[in-house]
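Here's a quick tour of a protein model, with the main contacts sorted by topic. Have the 3D view open and click along as you read.

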Amino acid sequence: MGSLDKSRERVIKITIDGKEIETTYGKTILEVARENSIYIPTMCYLTKVEPIASCRMCVVEVEGVDGMILSCQEKAVDGAVVTTNTKELESERQNIMKLYDVNHPLECGVCDKSGECDLQNKTLEFDVSSQNFTAKDMHRPVEHWGFIDYDPSLCIMCEKCVRVCNEIVGSEQLQISVGGYKSTIINTKPDDNCISCGECMAVCPVGALVSSDFKYSSNAWELNKTPSSCAFCSAGCELTYESKHKSIDEPVEKIYRVTNSFEFSSLCGAGRFGFDFENSNSYRDRDEFNRAVEAFREADSIIFSSLITNEEALMLQNIAKKVGAKLVCPEAYGFSRFLKAYSRAIGKSLPTASMKDLSKSDAVVVFGSRLKDDAPMVKYHLSMAAKREKAKVVYMHPIEDGAIQNLVTKFVKYEPGSEEAILALLLELFTRGKELPNEIKEFIDELDIGYLSAESAISEEELDAIKQEFWKRKRYTLVIGEDIFNHDRVESIAKIVAAIEKFTEFKVLITPPASNSFGVSLICDLEESVEGKSVGYNCEANYSLSALGDGNLDIPALNQQEGTITTIERRVVPLNVALPYDGYILNDIAKELGVGRKYTIDLTKELPKDRGFRGVDFDSLEVKFSPLGDDLRGYELELSKSEAELELNEVEELESFDGVVVYCVNPAHNRNPFTQKAKLTKEEPLLLGSSQFATAAKVTDGDMVEFEIDGKKVTRVFRIDTSLKGTFALNPTFDMGLSAFAISSYRFNRVKIKKIGSANE
């Protein structure tokens with residue numbers, strides 16, 4: 001560790017408002033105060049970004065220091081005596097509020113922020129009852145940024161929106177146009193419809209940035225708030241569903257919006273805008289239920305999606321054992337194989353690197369993922385590393401991603417299918433000159449570097465340049481993405497990843513492919529293929545149960561259930577019921593089969609302890625953050641260690657991916673058929689390809705085309721995307737209904753494109 005890290009461990013004592021506090025060096029006065037429940041008012045401060053220091057509301061007095069100082073910036077020093085509230089400080093804060101209130105429209109009755117407006121609250125807190133000066137008002141029309149409306153006349157220029165857009169999201173879309181009283185926020189990419197996150201809207205303390213969909217639809221205090229977790233990717237971010245009955249005449253509960261603890265956490269566009277994916281087919285058909293029970297009794301295979309709770313996964317495991325059926329989850333099977341092989345090779349039951357490790361890194365390799373779309377929260381933490389730590393970021397993938405180009409130091413293009421070879425090359429590269437066990441040294445010595453380099457399309461000079469990028473860097477993270485898990489050589493790849501973690505400076509962050517693939521992989525004994533009669537749980541089968549409303553028997557969606565999911569951070573976090581569901585649930589079927597419980601959440605404490613779960617009651621799980629933003633929701637899985645069994649396999653010859661190649665990937669804001677069902681995130685599915693792809697496939701922009709993936713026929717309108725290069729096209733699966741969850745092939749697919757018409761006709 002560097003000297004800076006050591007200094008942060010140094011214990012100091014500081015006195016705030018007469019209270020002596022023991023803390024560690026490196027924290028600001030404001031952080032120490034918040035840790036100890038001492039209130040210092042702020043307007044521009046946001047825990048998850050670096051101090052903005054534009055409001056001066058957090059001023060305090062320090063004994064022996066002339067004038068007032070900003071507690072958000074000033075580090076606490078040993079022996080400091082701090083006062084947070086005096087008549088002078090009160091007067092200073094009141095004057096600041098008067099400046100904020102200059103010409104601010106007093107239309108609180110129709111402002112969406114009324115009732116939760118920081119400006120409104122602090123105007124009352126500091127008793128600003130009159131205004132004895134003004135400034136010339138100006139015409140400032142409302143701007144429409146896709147899903148978000150910006151009203152400059154309400155903007156107080158706190159800069160929170162700009163900071164999260166640049167520092168957290170990393171898109172650099174919002175900037176400040178400086179001009180004194182004429183200053184405003186500008187959108188540098190007005191053609192972008194701002195659906196990637198909504199972070200700017202979430203952190204806005206006033207009504208300047210609001211959801212155009214939610215605007216004028218409800219008062220904040222009318223909404224019922226249900227704390228839960230996002231079910232759209234493995235980050236499992238904290239969120240709150242806000243709902244109410246539409247009207248007296250139509251007493252149906254409706255989710256109006258999603259909010260979150262924006263001070264500490266973030267959401268992507270899917271989580272924030274794709275909230276209305278509930279199954280409205282909420283009724284009980286006893287005859288169909290009986291057919292469902294019989295289908296399970298006769299099932300040879302149960303196939304399911306990993307967009308389920310841990311409790312449902314355990315229930316399916318119990319049902320499969322009861323009826324003697326195979327358990328198949330195409331989304332999680334490859335990840336399960338990877339996880340088991342990695343755990344045996346590394347000698348610990350779970351991966352231990354966190355997204356916080358990534359955000360603190362100064363050297364990062366992203367491998368095997370279209371990161372912006374696959375794992376938005378991982379991308380956010382990569383942005384923090386790039387912005388705060390000035391991290392060198394090497395992005396390795398067959399397809400360049402222009403959306404994160406501003407965060408990437410070096411893009412390295414490789415041939416699809418060559419992931420095993422490249423990881424072996426990285427192992428050789430970063431272990432040069434190190435003492436290694438004989439078996440690892442033999443594996444490296446036997447590598448044909450020239451062949452692997454040539455076939456993967458990464459030159460030896462390019463490999464050396466990667467290492468050169470990391471010269472004098474100290475905190476390394478390797479991000480392993482979704483492309484890996486359905487690779488034919490997934491277990492061999494997992495062992496090489498374990499070797500990289502064991503014998504190099506890298507921590508390894510492994511990103512599960514779907515919302516609860518981690519939990520499913522730990523709980524269920526999965527098999528690869530479906531045999532005989534099949535029952536599908538949110539999957540296509542001979543008999544299907546579906547939360548999309550298109551199966552034989554309806555089941556609740558994840559915003560209609562209680563239970564838990566397991567996140568990329570190894571946390572077991574709770575989901576709560578945002579909308580009622582009056583139909584049948586899986587536990588009803590389990591009861592009929594003799595393996596049910598009184599309530600589904602009775603299984604929370606029965607989750608397997610030998611896999612790291614802790615046997616905690618569902619009602620004991622909390623949803624909270626520490627004063628400094630540490631995620632304390634639910635609990636963290638327990639890590640167990642064993643003797644490592646690291647035996648690397650010979651790298652297999654590389655398969656050629658000539659011809660036109662389709663890459664299956666969904667955009668971050670529309671991740672699956674459930675977000676495609678939501679009003680705001682629904683969109684037309686397009687096959688987006690490069691000009692080279694169009695030439696090779698003999699198609700033109702606007703052609704209707706057809707091809708097959710995993711035996712499923714796919715029809716798309718083809719559009720040229722000028723940001724793409726090579727003979728690649730991006731294919732979404734969000735419109736494929738239950739069949740989308742059964743796609744289990746390697747994400748790069750060589751296909752035969754057939755033109756069947758034109759969308760322009």
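Let's start with helix 5: its buried residues pack against strand 8 (174–177), strand 9 (184–187), helix 6, strand 10 and helix 13 (376–388). Keep in mind that this is a predicted model. From here we'll look at that helix, then at charges, then at rings.

**Helix 5 and its surroundings**

- Helix 5 covers residues 160–169 and is mostly covered, with 9 of its 10 residues buried.
- Which residues of helix 5 are buried? They are Lys160, Cys161, Val162, Val164, Cys165, Asn166, Glu167, Ile168 and Val169.
- Right after helix 5 comes Gly170, and its phi is positive, near 80 degrees.

**Salt bridges**

- The count for this model comes to 50 salt bridges.
- One of them joins the side chains of Glu199 and Arg272, at 2.8 Å from N to O. Glu199 belongs to helix 6 (residues 199–203) and Arg272 to helix 7 (residues 269–273), so this pair ties together parts that sit 73 residues apart in sequence.
- Are the two partners buried or exposed? Glu199 is buried, at a relative accessible area of 1%, and Arg272 also counts as buried, at 3% relative accessibility.
- Another salt bridge brings together the side chains of Asp213 and Lys679, again with 2.8 Å from N to O. Asp213 is in the loop between strand 10 (209–211) and strand 11 (224–229), while Lys679 is in the loop between helix 21 (673–677) and strand 28 (686–689), so the pair ties together parts 466 residues apart in sequence.
- Asp213 counts as partly exposed, with 27% relative accessibility, whereas Lys679 is exposed, with a relative accessible area of 54%.
- Glu491 and Arg337 also meet through their side chains in a salt bridge, at 3.5 Å from N to O. This pair links distant parts of the chain: Glu491 is in helix 18 (residues 490–503) and Arg337 is in helix 10 (residues 330–346), 154 residues apart.
- Both ends of that bridge are partly exposed: Glu491 has 33% relative accessibility, and Arg337 has a relative accessible area of 22%.
- Salt bridges can share partners, too: Glu50, Arg163, Glu167 and Arg388 are joined that way into one network. You've met Glu167 already, as one of the buried residues of helix 5.

**Aromatic rings**

- How many aromatic pairs does a search of the whole structure find? It finds 24.
- Take Phe147 and Phe273: their ring centres are 5.1 Å apart and their planes are at 80 degrees, so this pair is edge-to-face. Planes over 60 degrees apart get that label.
- The pair links distant parts of the chain, with Phe147 in the loop between strand 6 (143–145) and strand 7 (148–150), Phe273 in helix 7, and their positions 126 residues apart. Both Phe147 and Phe273 are buried.
- Helix 7 is also where you found Arg272, the salt-bridge partner of Glu199.
- Elsewhere, Phe335, Phe338, Tyr342, Phe485 and Phe518 form one aromatic cluster.

**Charges over rings**

- Arg10 has its charged end over the ring of Tyr25, 4.8 Å from the ring's centre.
- Lys244 does this with Tyr256: its charged end sits over that ring, 5.2 Å from the centre.

Notes: Residues are numbered from 1 along each chain as its sequence is written. This is a predicted model: local features need pLDDT of at least 70, side-chain atom pairs count only at pLDDT 80 or more; totals for chains, interfaces and linings use all residues. Side-chain values use heavy atoms; hydrogens and water are left out. A salt bridge is a side-chain nitrogen of Lys or Arg within 4 Å of a carboxyl oxygen of Asp or Glu. Helices (H or I, at least four residues) and strands (E, at least two) are DSSP runs, numbered from the N terminus. Buried means under 20% relative accessible area, exposed over 50%, partly exposed in between (1.4 Å probe, protein chains only). Rings of Phe, Tyr and Trp (its six-membered ring) pair if their centres lie within 6.5 Å; planes under 30 degrees apart count as stacked, over 60 as edge-to-face and the rest as tilted. A charge sits over a ring if NZ of Lys or CZ of Arg is within 6 Å of the ring centre and within 35 degrees of the ring normal. Contact means heavy atoms within 4.5 Å.
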